[in-house]
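Let's take a stroll through a protein model, starting with its strands and ending with its empty spaces. Keep the 3D view open as you read.

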Amino acid sequence: MENNYKERLSDILSRKETQVRPIEEAFKHNLTNKIVKDEYNSTPRDIYNALSYTIMDQLAEGWLETQRQHHYHDAKRVYYLSMEFLIGRLLKTNINNLHVDCQVQALLSKLNFDFNTIEDMEEDAGLGNGGLGRLAACFLESMATLGIPSFGYGIRYDYGLFKQDIENGWQIEKPDKWLENGYPWEIQRAEKYSINFYGHVEKSIDTDGKEISVWKNYNKVFAVPYDIPVPGFSNKTVNTLRLWSAKTDDEFKLQIFNNGDFINAYEEKLQDENITKILYPNDNVYAGLELRLKQEYFFCAASLQDIMRRFKENPSHDFKNIPNKIVIQLNDTHPAIAIPELIRILVDEENLNFDEAWDITKHTFAYTNHTLLPEALEKWPERMFSYMLPRHLEIIYLINTKLMEDLQIKFGPDMGRMQRMSIIEEGRDKMVRMAYLAVASSFSVNGVSELHSELIKKELLPDFYQLYPEKFKNKTNGITPRRWLYKCNNRLSELITSKIGTGWITNLNELKKLSSLKDKDRLIEGWEIIKNNNKKDLSNWLEKKYGFSFDHNSMVDVQTKRIHEYKRQLLNVMHVIHLYLKLKNNPDMPFAPRTVLIGGKAAPAYHVAKLYIKLINNVANVINNDPKVNAKLKLFFIPNYNVTVAEKIMPAADLSEQISTAGKEASGTGNMKFALNGALTIGTLDGANVEIKEEVGDENIYIFGLTAEEVTNLREEGYDPKKYINEYEPLQEVLELIRNGFFSPEQHDLFYPIYSNLINHDPYMIMADFKSYVECQEQVSKDFLNRELWLKKSIANVANVGKFSSDRTIAEYNWDIWKATPVEIK
């Protein structure tokens, strides 16, 4: 193959310009001029890089023209600030969006290369962890597809969260060196911005006799931008994701160096550049907490300087016009420090008074909340703020005064309410409540599912809802169908397109046409063949990578998401243990064969979640090595779950586990991805599950367990998990195996903490929901054996999830919040 490939490559490189098609011509140029390789010494990575540069060449003119047109039209721009952008691999996505897949395939065929081999050279960008970052990536793609003038802003982390290995059943964290081989999709820009930390604030009097605050003796770090193109699908728009990397103030460090303090100069350089070294430093220790706040301010300050530079390029712009030209969407509380930063710029650098700056700011920012867990709402020690960002703490106190004034106007001198709502949380150690800062300073506050948005108003932020009811909105999350069906499930995409055309790719509601097709039998037949082939592909990939395979006729039952107690992977593995016991007691019983796949990362310091991973792997080890059951039941934990792995799993899944405690999951988007690929959902009435149920119909989803209201009532009444244990013998049997060390013979008490927590506390009500879950799973198994019924349910899911396109979500954001005019790029 290698000699054949080199001959074909030589043929392409030696052709005259007039004989070469555009993609081949650009590829030839990039391989020889940028990679500086030829047919004799190029590797698959060289081919990947040359092809990526070729696609970048194809994007370049549209990228430039997009900025020209936005400037020409003086367009209002949406600036999307997020700590995470889980963009996955870009090669195939960019090829699809440019519609050059046929040319690329022809090129690779001539080289005798499989596209998958080349794509596997690309690392997943280590720019995010879970749903927050993947949502941001979907949103940017939809903004470009809808022609909305926009920029994404984030951090260019040198290392991702971590690469997850499993050793002896335990999660092991290893560095995610995603930039080790370079990244062809980014362009480093020459401009940079100075970002200040520490120092102190002095008061002085300006020439007009007004008292001003001057930030002095600060440390300076530079923010260097790296741009990644974000092309829309089937249009000419190419928006930008701009990521910031920290670089030291070399001039200052050189002075230290020249004074002979070589070690200190180097240490300070490392300390400055550590700001963008890694996604999510360990914030269980003070140094990690400080670095996290420093990361947030660093990227927000750089982004605000960049936004203001762009705004000021038009000499006709007046600062009061900022809300008409700029809207800044905060993706959760992490970028909330951007609020006092904009006020600082307007007051300290542009000489506006505070009231003017405050009025502009509160009409510029919009805030999306992504959590119902109070502990996940960021709070920072006031003393840390005072030390690191002294000027911003002053501004936050001024904002808090404005908040208290609004409160007193509406409710009078209600001291209890004022204490509850203050941005500054009183106590032995005062804390700055960033979610309160975001709500008080934004003109729009939205949740990400109908249930989540209601719970924000009723439970999470009821005082703020009573004060500012007009701010609160719902914008149910969505996913881009271009990646999560068109790209990742090629077989199903082609079947759908053959039946209803290509309109669904940009209008997902077109999938409803599947419901009215006359020749349903042919559709069902093709549907089953595709699902089986996708399962074979997944099994082959797992066997090649991890030595695990499964029967493609078994039900592929999947739960892939961040490992967390409220997401209840423990409930899932307890059900697997229950099935294991049933099969052991009666090996010949009628049984729907089932392969249970679980994947996700636990935060390095989250010991309970890491113990769950160990339990899952130990249970899998017992089941998979038991010849009496392993033909009917298997369990496997998929290491290092990421976007690329998700794209392999989603098309093969039969059952989607969305089993969080009701009232805890804001929305979820994995539920949408699985449903779009034909998996049926088993879940609680939590997050977007509620709306999926409304769309697909009660008969095409499996709902179990307590509702959010019932969870709240049960907790208020005094929840006793032992009551549910005593009432259900199968639950007792499962708990006993966890307690007595059956799954940990090398250390009998290894999983005792899990057992003890369940019987004494059970904060996420696994005991209360277990029986309902088991009964629901029994119905799932029964229906799965009825192949025609199951396939009809699968088709109904795909046909009715058009609502969950991120195009719909972004259109609603724009219509209701941003009010930016789309610009057609010609």
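Start with one pair of residues: isoleucine 598 has phenylalanine 637 as its bridge partner in E20. Keep in mind that this is a predicted model. The strands involved here are E19 (residues 594-599) and E20, which pair in the parallel sense over six bridges. Helix H24 (residues 607-624) packs on the sheet and touches both E19 and E20. The direction of H24 makes about 145° with that of E20.

Now zoom out. The open sheet has six strands in the order E20-E19-E18-E21-E22-E23, with parallel pairing. Why do E20 (633-638) and E23 (702-703) each have one side without a neighbour in the sheet? They stand at the edges with a single partner strand each, so one side is left free of a neighbour there.

Next, the empty spaces. Rolling a probe the size of a water molecule over the atoms shows where they are left. The structure holds six cavities of 30 Å³ or more. Here is the largest cavity beside the second largest pocket:

| Space | Volume | Lining residues nearest the centre |
|---|---|---|
| Largest cavity | about 220 Å³ | Leu90, Thr93, Ala137, Glu141, Val230 |
| Second largest pocket | about 1,100 Å³ | Asn116, Glu119, Lys487, Cys488, Asn490 |

The cavity's lining of 17 residues has nine nonpolar, four polar and four charged ones. Among the elements giving two or more residues to that lining are helix H7 (131-145) and strand E9 (219-231).

The pocket is lined by 33 residues: eleven nonpolar, ten polar and twelve charged. Elements that give two or more residues to the pocket's lining include H4, H20 and helix H22 (520-546).

Conventions:
Residues are numbered from 1 along each chain as its sequence is written. This is a predicted model: local features need pLDDT of at least 70, side-chain atom pairs count only at pLDDT 80 or more; totals for chains, interfaces and linings use all residues. Side-chain values use heavy atoms; hydrogens and water are left out. On a 1 Å grid over the protein atoms alone, a cavity is a set of points where a 1.4 Å probe fits but cannot get out, and a pocket is an open set with protein on both sides within 12 Å along at least five of seven lines; lining residues have an atom within 4 Å of a point. Grid points are joined across faces, edges and corners, and a volume is the space filled by probe spheres set on the points. Helices (H or I, at least four residues) and strands (E, at least two) are DSSP runs, numbered from the N terminus. Ala, Val, Leu, Ile, Met, Phe, Trp, Tyr, Cys and Pro count as nonpolar, Asp, Glu, Lys and Arg as charged, and the others, Gly among them, as polar. Two strands pair if DSSP finds at least two bridges between them. Contact means heavy atoms within 4.5 Å. Axes are lines fitted to C-alpha atoms, for helices over the stretch in contact, and angles run from 0 to 180 degrees between N-to-C directions.
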